[in-house]
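Work through the exercises below with the sequence and the coordinates open beside you, and try each task before reading its solution.

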Amino acid sequence: MIVDKNGSPLTSADNLSPDTRHGMILYVEDVSVSFDGFKALNDLNLYIGDGELRCLIGANGAGKTTLMDVITGKTRPDTGKVSFGQQINLLELDESEIARAGVGRKFQKPTVFEALSVFENIELSLSGDKGIWTSLFHKLSGEQKDKIDEVLNTIGLEAERNYPAGRLSHGQKQWLEIGMLLAAEPRLLLVDEPVTGMTTQETERTAELLTSLAGKHSVVVVEHDMAFVRSIARKVTVLHQGTVLAEGSMDEVQANKDVREVYLGEEQD
Ligand SMILES: Nc1ncnc2c1ncn2[C@@H]1O[C@H](COP(=O)(O)OP(=O)(O)OP(=O)(O)O)[C@@H](O)[C@H]1O
Ligand SMILES: [Mg+2]
């Protein structure tokens with residue numbers, strides 16, 4: 001059941017798209033998560049603007065993946081609020097409801113169907129809840145074909161549309177997976193360590209791709225590759241021990257004394 005912030009059920013007549021009239025698509029407020037007494041997230045506050053591209057950095061164990069787990073309903077926080085737009089309380093929804101409400105998540109390891117073509121992989125994510133066989137054998141509408149073409153164009157895999165996904169390079173598989181998420185038209189995309197294992201060229205292409213998604217989608221990118229972060233970053237949030245240590249432009253956070261002490265300083269001087 002999908003409910004609003006106050007717990008009232010929303011019916012199908014209600015518009016379930018996030019209310020972003022205040023310019024924000026995601027509100028994470030005072031969120032804490034403990035694992036056996038260890039606070040993986042500690043009174044965390046994060047606000048993502050509608051259409052923003054936000055980079056999230058922080059040392060290993062800072063809580064970045066746990067934060068994505070909380071937003072997507074995989075982990076429930078002990079305390080705090082998480083709201084999609086002003087009105088959709090994500091803590092009341094399960095993982096599939098959160099995905100349907102418009103939150104897409106890309107895990108580190110690509111999970112494409114290797115035996116199916118690039119086109120078919122995207123087609124499957126178009127069809128939502130339908131089973132794999134129905135999806136593959138029902139006739140696509142012109143509109144659906146256009147949507148798949150648009151996604152292929154965005155991810156730069158038009159030429160590979162009929163290749164089995166298993167033949168793609170590591171980087172291309174990652175882009176295909178982003179394409180599969182895009183086919184479901186998410187308003188918010190969470191991307192965890194997208195360029196790990198990519199070649200320099202693939203990393204550059206990924207930077208272009210993620211940058212191109214901002215505006216139409218809101219994107220939160222977690223990444224350790226600082227050159228990559230610098231190449232895409234507008235606003236950067238630094239997590240440390242489950243809480244926000246600093247926020248600002250890449251230059252601002254790199255100049256921040258606390259950040260230099262606990263994180264970037266190690267790499268730089
Ligand atoms: N399911 C779990 N059970 C117990 N501890 C967990 C669990 N998930 C995460 N943790 C712990 O919570 C802390 C935060 O982990 P998290 O994976 O969110 O960090 P991260 O910032 O994503 O790190 P990395 O950059 O290495 O991916 C770590 O100390 C981790 O060991
Ligand atoms: Mg992680």
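**Exercise 1.** In this predicted model, determine what covers the buried residues of helix α6, and check the length of the helix against its residue count.

*Solution.* Begin with the surroundings: the elements that cover the buried residues of α6 include the strands β6 (103–106) and β7 (188–192), together with the helices α3 (118–126), α5 (142–155) and α7 (200–213). Next, consider how far this cover extends, taking a residue as buried if 20 or more other C-beta atoms lie within 10 Å of its own; by that criterion 12 of the 14 residues of α6 are buried, among them W175, L176, I178 and M180. Then turn to the length: α6 runs over residues 170–183, and because each residue should contribute 1.5 Å, its 14 residues are expected to span 20 Å, which agrees with the 20 Å between its end C-alpha atoms. Finally, look just beyond the helix, where E185 takes a positive phi of about 50°.

**Exercise 2.** Identify which residues touch the most other members of the largest nonpolar core, and trace the contacts of I232.

*Solution.* The core holds 67 residues, of which I71, L176, V221 and I232 touch the most other members. The element that gives the most to this core is α6, with seven residues, while domain 1 (24–112 + 168–268) and domain 2 (113–167) each supply at least three. Leaving aside residues up to four places away in sequence, I232 touches L53, C55, A207, L210, T211 and V221.

Note on methods. Residues are numbered from 1 along each chain as its sequence is written. Chains are lettered from A and ligands numbered from 1 in the order in which they are written. This is a predicted model: local features need pLDDT of at least 70, side-chain atom pairs count only at pLDDT 80 or more; totals for chains, interfaces and linings use all residues. Helices (H or I, at least four residues) and strands (E, at least two) are DSSP runs, numbered from the N terminus. The expected span of a helix is 1.5 Å times one less than its number of residues. Two residues are in contact if their C-beta atoms, placed from the backbone, lie within 7 Å. A nonpolar core is a set of buried Ala, Val, Leu, Ile, Met, Phe, Trp, Tyr and Cys residues joined through C-beta atoms within 7 Å. Domain bounds come from an automatic or database domain assignment.
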